[in-house]
Every structure is written in C-alpha cells, then in structure tokens.
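Visitor: I would like a close look at one chain of this model, with the rest brought in where it helps. Please take it slowly and keep to what can be read from the atoms.

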Amino acid sequence: MTSNSEARKSTVSVREMIEKKKATKILSKFKEKLVPMTLFLFAMVSILTTFGIIYTLFSETVEFFKRVPITDFFTGTVLRPLSQNPEFGVLPLINGTLISSIIAMLVAGPIGLMAAVYLSEYASDRVRRVLKPLLEILAGIPTVVYGFFAFTFVTPIIRSVWPDVDATNILSPGIVMGIMIIPMVASLSEDAMSSVPKSMREGAFALGATPLESTFKVVIPAALSGIIASFILGISRAIGETMIVTIASGSSKNFTFDVTESMQTMTAYIVEVAGGDAPAGSTIYFSLYAVAMTLFVFTLLMNLLARYVSRKFREEY
Amino acid sequence: MSLTMIKKPETSNRTIPNTSKNIVFDTDDLNLWYGDTHALKNINLSINEKEVTAIIGPSGCGKSTFIKTLNRMVEMVPSVRTSGDIKYNEKSILEKSFRVEELRTRVGMVFQKPNPFPKSIYENVAYGPKIHGIRNKKVLDEIVEKSLRDAFIWDEVKDRLKENAYGLSGGQQQRLCIARTLAIEPDVLLMDEPTSALDPISTLKVEELVQKLKEDYSIVIVTHNMQQAARISDQTAFFLNGEVVEFDETEKLFSNPSDQRTEDYITGRFG
Amino acid sequence: MKYMDINQVQKKMNTRIIKNNILKYIFFIATTFGLIVLAVLLLRVITQGIGFIDINFLTSKLSTDANRAGIMGAILGTCGLWLLSFQ
Ligand SMILES: Nc1ncnc2c1ncn2[C@@H]1O[C@H](COP(=O)(O)OP(=O)(O)OP(=O)(O)O)[C@@H](O)[C@H]1O
Ligand SMILES: [Mg+2]
C-alpha cells in the first residue's frame with residue numbers, strides 16, 4: 001500500500017515537472033527557432049544579391065541582343081564600340097582573356113606545383129613554416145601594384161631581350177598574373193598533397209623509392225583531384241583579373257594570337273566602358289552587360305569544372 | 001596458460017644457432033633517441049639468415065623503433081638520433097654514405113596497418129620493379145604473378161588485377177602489401193605486427209606464408225601474440241623499456257626463460 | 001628465379017639519386033622565385049615611393065597641383081570601404 005501511494009506520488013511529481021518544463025520550453029523553443037531564422041535571413045541576403053545580379057545581367061543582356069544580333073556578337077572578330085558604325089564582336093575579348101589566362105597558367109602551374117612539391121615533400125617543418133606564409137604575401141598584394149609592376153618593370157625587361165614586343169602587350173601582364181597566382185596554386189596543391197596519409201609515402205620509401213619517385217608516382221596521383229582543382233581555381237582567378245591587364249596591356253581590341261601585341265580582356269573592357277562616359281541606354285552601355293554575362297558564364301563553368309574534377313579524380317584511400 | 005601448448009613441435013633436432021647460420025644483421029650497442037626519449041638502449045642482437053626472428057614485448061618498449069632502424073625508416077622522424085652500429089652483411093648501415101634507397105631494396109618492410117597505394121592491384125605490385133628500372137611489360141607481368149602467388153593471394157585477385165587495391169579486404173590488403181615487398185626480391189623482410197588488424201583466418205594465412213618465405217628470406221617479425229611468436233619463430237627477443245631483456249632460441253625462451261621478467265611477461269603475470 | 005639484376009639495380013640507383021637531388025634544387029628555386037619577385041616588388045615600391053611620402057602627402061586632399069596633392073581622401077575612402085565590408 002505505502003509503496004503504491006509513494007509510486008503514485010512520484011509519478012505525479014514527474015508529470016508536474018514535465019508540465020513545468022513545457023512552459024519554459026515554449027520560450028526556449030522560440031529561441032531555438034529564432035537563431036536559425038536569423039541565420040537563414042543572413043544567408044538569404046547573399047543569395048538574393050546574387051540573384052539580383054544575375055537578373056540585372058540577364059535583362060540588360062536581352063536588351064543588348066535586341067539591338068545587336070546574338071550571332072554577330074559571338075562570331076564577330078571586330079570590336080569597335082565607339083566608331084561611327086559600331087561593331088560588337090566579343091571574340092577579341094574572349095581571345096585576350098584566354099591568351100592572358102593561358103600565359104598566366106603557364107607560369108603559375110609549373111612553378112606553383114613545384115613549390116608545392118618542395119614545401120610538402122622536401123622542406124623540413126621549420127622551413128615550411130617560414131616559406132609558406134611568405135609566399136602567401138604575394139597573393140595579398142593589390143592588383144594595381146602588380147599592374148604597375150608589369151608595366152614599368154617586367155615589360156622593359158622583356159623588351160630589352162625581345163625588342164619586337166610592344167610597350168603595351170599581353171605577355172607581360174600574363175606573366176605577372178601568373179606570379180600573382182603562384183601562391184594560390186602552391187598553397188592549395190600543398191594542402192592536397194600533405195593530406196595524403198604518411199603511410200603512403202612510407203610504403204614507397206620502404207620499397208627503395210627516392211623522394212622524387214614517391215612524390216610523382218604516389219603522392220601526386222593520390223592528390224590529383226586537389227591539384228587539378230587548384231589549377232582551375234587559378235584559371236578562374238586569371239579570367240577574373242582586371243587591373244593588371246588594364247594597366248599593362250592597353251585597350252586595343254586586337255583579334256590576334258601574337259602575344260607581343262596589346263589585347264583587351266573582358267574585364268578590362270568592362271572597366272574601360274564603365275569608366276568612360278557611356279550614356280545609359282546606349283548600345284555600348286548594354287554591351288557592357290553582354291560581356292559581363294559572357295564572363296559570368298565563363299567563371300561559372302570553371303567553378304563547376306573544378307567541383308566535377310575534384311569529385312571525379314578523388315582517389316580512395 | 002600451459003607452456004606445452006605453445007611449444008614448437010619439431011625443433012629438437014636443430015643445432016645451436018650462430019655457429020651454423022650466417023648472420024645478416026648485427027647490432028652493436030645500438031642506442032636511439034627521439035628528442036629526449038631514450039627509445040633503444042644498448043641493443044646487441046644478431047639476426048640469422050633464413051630464419052624467423054620474433055620481437056615481443058609490451059606496448060611502447062621499442063619494438064617498432066628497432067625494426068624501423070634496420071631499414072633506417074626511423075629517419076623519417078626528424079628528431080631521431082642514434083649511436084652504436086648496425087652491420088648488414090658486415091657493412092655499417094648507419095653511416096650517411098650508405099644509401100637508404102639501396103638498403104631498403106635489400107631490406108623490405110611490411111607495416112602494421114596495410115598501406116597499399118591508391119592504385120590498381122597490378123600497379124601496387126609493379127611499383128617497386130618499375131622504379132628500379134624494369135620496363136618490359138612481359139617481365140613485369142611475370143613478377144606480378146609470381147609475387148602474388150608467393151603471397152598466397154593470386155587466386156583471390158587474378159581476375160581483378162586492374163581494380164583498385166582499396167576494394168580488397170584488410171587481410172587481402174596486407175597480403176598484397178607483402179606481395180608488393182616480395183616483388184623487389186629483398187633479402188630480409190621486416191614485419192611490424194602484420195596480423196594485428198586481421199581476422200584469425202587471414203592471420204593463419206600470413207603465418208603459413210611466413211613459414212614458407214623463411215626458405216628464401218630472413219624475417220624479423222614484431223608481434224603481440226605470444227602463441228604466434230612461439231609458432232612461427234626460430235629466435236625470440238624480449239624487449240622491455242627499450243632494452244633487450246632476453247634473446248634466445250624461441251623454444252628455450254618460452255619453456256625455460258632465464259630472466260624473471262621474461263617469465264612474468266610470457267605467463268601473463270606482467271605489471 | 002631472379003628478375004631483378006643486382007648490378008642493374010645498382011647502376012640505375014645512381015642516376016635515380018642524382019635526378020632526385022637535382023630536382024630538389026629546382027623545386028627549391030621555384031619556391032624562392034615567388035619570394036624573389038616579392039622582394040623586387042617591395043624594393044621598387046619603397047625606393048621609388050618613399051621620397052614622396054611626407055605628412056602633407058598623407059593628410060592633404062586631392063589637388064590638380066602635384067605639389068599640394070595628397071591622398072587623405074583616398075585613405076579615408078579605403079577605410080570606409082574596409083569598414084563597410086566588415087559590417
Ligand atoms: N615519432 C616519435 N616521436 C617521439 N617518440 C616516439 C616516436 N615514435 C615512438 N616514440 C617513443 O618511442 C618509444 C618506443 O615506441 P615504439 O613505437 O617503438 O613502441 P612499440 O614497442 O612498437 O609499441 P607498440 O607495441 O604499441 O607498437 C615509445 O616510448 C614511444 O613513445
Ligand atoms: Mg609498434
């Protein structure tokens with residue numbers, strides 16, 4: 001009997017506690033909902049901004065294609081926005097963008113990868129801890145500074161050994177862009193390589209491999225997805241780069257494959273047009289959006305490619 | 001535990017070691033420090049050719065450190081310092097002039113955790129011969145088949161040589177790693193607890209393998225499993241706190257240890 | 001049967017080790033290449049720019065007269081943008 005009543009008593013008190021708890025719970029539940037809500041709102045701000053940008057780009061681009069046929073735009077090799085009878089072929093800009101990016105990656109790819117190999121496979125901990133941050137300073141230098149560096153230092157050096165090169169040319173900003181991208185490639189590749197387990201290297205060394213053989217036949221294949229992703233991000237960076245080319249390559253809209261000549265990239269064109277006084281509503285004003293849209297598609301493709309590659313080449317270990 | 005259980009069946013007719021056998025490794029007052037940790041203290045061991053030498057001892061006593069010193073793998077830890085001498089076939093290997101690459105092609109190693117490369121089964125085995133300059137596809141094919149057969153894994157993988165090695169089970173991976181080591185035809189095999197991650201059946205297979213390989217290779221094997229040491233080894237060294245407490249014929253060490261600490265350890269009365 | 005010829009392996013090992021040592025230096029040079037450029041860049045910016053920086057240059061506003069021109073406006077603008085992006 002006594003035990004029974006005691007048991008009932010205790011269940012009652014437990015129930016009471018649960019009831020009480022519920023009352024306070026409503027408040028804490030509200031709090032728990034509020035936090036994600038706020039965070040969600042913050043996230044929405046950036047997402048909405050992106051959508052806003054895409055919407056503007058898109059609508060203005062459509063307006064542009066009402067005035068200039070889309071085929072003329074994508075197949076035209078002449079870009080003369082300011083002439084009496086203007087022509088809006090985007091190929092010179094795409095060409096300039098690709099050539100400068102290729103030059104940049106020819107510099108940044110090998111040098112960045114070699115630096116990554118040195119830092120991750122050869123350097124001692126102490127050396128790496130000094131060299132890596134120093135190298136990363138390179139990525140933090142404002143691009144305007146690089147632009148002047150290309151124009152006033154690199155171009156004269158190139159011209160002294162190769163006099164055919166024009167005062168404004170695509171070669172010099174391409175190289176300097178590559179230098180700017182080295183730390184990005186080096187640092188991301190180094191991360192990818194250091195995350196390959198130590199046991200892989202031990203396996204190779206135990207078979208009598210030199211560090212070189214363990215690096216190129218085991219570590220790099222295992223880290224390939226990360227390395228390729230770093231290259232693609234480097235290319236995106238080169239495609240989006242503006243100031244260096246604007247300053248050191250001038251604004252001739254040549255359609256040529258001769259790297260000694262001046263060329264213009266998509267971003268440099270946008271800067272030129274936006275900085276000049278293109279009246280709102282004019283064709284040249286809308287051309288800015290069409291070029292920006294093209295650029296956007298380019299970088300988007302690059303990013304998608306990077307994601308695809310880093311999934312596809314992921315080696316399982 | 002009854003000691004008769006772990007006695008080796010047919011070793012009674014063996015003669016006294018060291019006189020009839022060639023010595024492949026000989027350490028002379030070997031000391032090793034990791035920074036300030038004195039991990040190996042005055043080790044004097046001689047390892048016989050074409051025999052199995054087992055290293056036993058509690059965790060942290062320096063077993064792995066010892067066998068990693070035999071192929072200078074310890075040098076991958078920057079803080080390592082050594083003193084004393086190790087002679088491999090009469091040559092001092094601790095001198096910087098002795099090239100580690102050369103040492104490691106003669107002294108192969110199998111690790112505690114299977115560590116195949118993230119490549120195909122074929123490429124895993126062919127890696128060693130390839131870096132040592134064998135390019136001929138036919139020869140490589142033969143080496144791969146022979147090594148996989150010797151490691152008792154050929155029948156399980158012969159139809160999937162092009163598949164990634166990480167699709168194999170743990171036991172198969174470990175035998176693949178053994179095959180990979182056999183492919184460079186070393187003289188000595190160092191094995192650091194090769195069966196600690198394996199199930200009883202795979203363990204048995206590896207043990208049989210060790211018995212078989214003994215005909216052609218000198219084997220040093222670290223193990224936590226005393227029955228295993230008793231079953232497969234000819235000589236056993238008992239390590240404690242970086243020192244060799246006792247080193248003797250396996251049968252003698254397990255049936256009639258001369259040191260009290262050895263007896264305590266093998267009868268499970270330790271610390 | 002032996003597939004690996006000891007003499008062959010020995011001979012190959014020399015070239016392998018030399019190759020490794022040479023490439024090690026090349027990798028090191030590649031790493032320092034970026035640092036050399038960094039040093040040149042800083043050196044140029046400092047040696048060519050330091051003479052023009054004084055307190056007036058930092059505190060006066062933009063002007064068409066080069067002697068009176070300063071970068072106060074630019075500094076304030078940069079800081080403003082900086083604060084804005086931190087929010
Ligand atoms: N890389 C290292 N740096 C510093 N100390 C180490 C390192 N590796 C091992 N040691 C120390 O050296 C001693 C011996 O370690 P070792 O790995 O040889 O032990 P073990 O006998 O193999 O143990 P286990 O049976 O657990 O594998 C231990 O005290 C350990 O802490
Ligand atoms: Mg161990």
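How far apart are the mean positions of the positive and negative charges of chain B?

Guide: The model is a predicted one, and in it the two mean positions in chain B are 5 Å apart, taken over 36 positive and 40 negative charges. For chain A, the centres of the two sets lie 16 Å apart, with 27 positive and 24 negative side chains.

The overall form of chain B comes next. Chain B contains 10 helices and 11 strands. Its C-alpha trace spans about 55 × 45 × 35 Å along the principal axes. The radius of gyration of chain B is 19 Å, which agrees with the value near 18 Å that a compact globule of 271 residues would have. Of those 271 residues, 56% count as buried. Among the contacts in chain B with a separation of 6 or more, 68% are accounted for by residues 24 or more positions apart. The exposed surface of chain B is about 11,600 Å², and carbon and sulfur atoms supply 48% of that area.

Two loop residues of chain B deserve a look at the backbone. Lys50(B) is not a glycine, yet its phi is positive, at about 50°. Lys50(B) sits in the loop between strand 3 (46–48) and strand 4 (52–56) of chain B. Its relative accessibility is 36%, so Lys50(B) counts as partly exposed, a class that lies between the buried limit of 20% and the exposed limit of 50%. Phe152(B) is another residue other than glycine with a positive phi, near 55°. Phe152(B) is placed in the loop between helix 4 (137–150) and helix 5 (154–157) of chain B. With a relative accessible area of 35%, Phe152(B) is partly exposed.

On cysteines, a search of the whole structure finds 0 disulfides over all chains. Cys177(B) has a relative accessible area of 3% and is therefore buried, the cut-off being under 20%. Cys79(C), at 34% relative accessibility, counts as partly exposed.

Chain A can be set beside this. The secondary structure of chain A comes to 11 helices and 2 strands. From the N terminus, two helices are followed by the two strands, and helices make up the rest of the order. Chain A has a radius of gyration of 29 Å, well over the 20 Å given by the globule rule for 317 residues, so chain A is more spread out than a compact globule. The C-alpha trace of chain A spans about 110 × 65 × 35 Å along its principal axes. Of the 317 residues of chain A, 44% count as buried. The accessible surface of chain A is about 16,600 Å², and 68% of it belongs to carbon and sulfur atoms. For contacts in chain A between residues at least 6 apart in sequence, 71% join residues at least 24 apart.

One residue gives a local view of such contacts. Ile103(A) belongs to helix 3 (residues 91–122) of chain A, and with a relative accessible area of 10% Ile103(A) is buried. Neighbours within four places in sequence aside, Ile103(A) is in contact with Ile170(A), Leu171(A), Gly174(A), Ile175(A) and Val259(A). The C-alpha atoms of Ile103(A) and Pro173(A) are separated by 8.9 Å, although the two residues are 70 residues apart along the chain.

Methods: Residues are numbered from 1 along each chain as its sequence is written. Chains are lettered from A and ligands numbered from 1 in the order in which they are written. This is a predicted model: local features need pLDDT of at least 70, side-chain atom pairs count only at pLDDT 80 or more; totals for chains, interfaces and linings use all residues. Side-chain values use heavy atoms; hydrogens and water are left out. Helices (H or I, at least four residues) and strands (E, at least two) are DSSP runs, numbered from the N terminus. The radius of gyration is taken over C-alpha atoms; the globule rule is 2.2 Å times the number of residues to the power 0.38. Buried means under 20% relative accessible area, exposed over 50%, partly exposed in between (1.4 Å probe, protein chains only). Contact means heavy atoms within 4.5 Å. Accessible areas come from the Shrake-Rupley method with a 1.4 Å probe; for residues, only the protein chains shown count as cover. Lys and Arg count as positive and Asp and Glu as negative; His and the chain ends are not counted. The place of a charge is taken as NZ of Lys, CZ of Arg, CG of Asp or CD of Glu. A disulfide is a pair of cysteine sulfur atoms within 2.5 Å.
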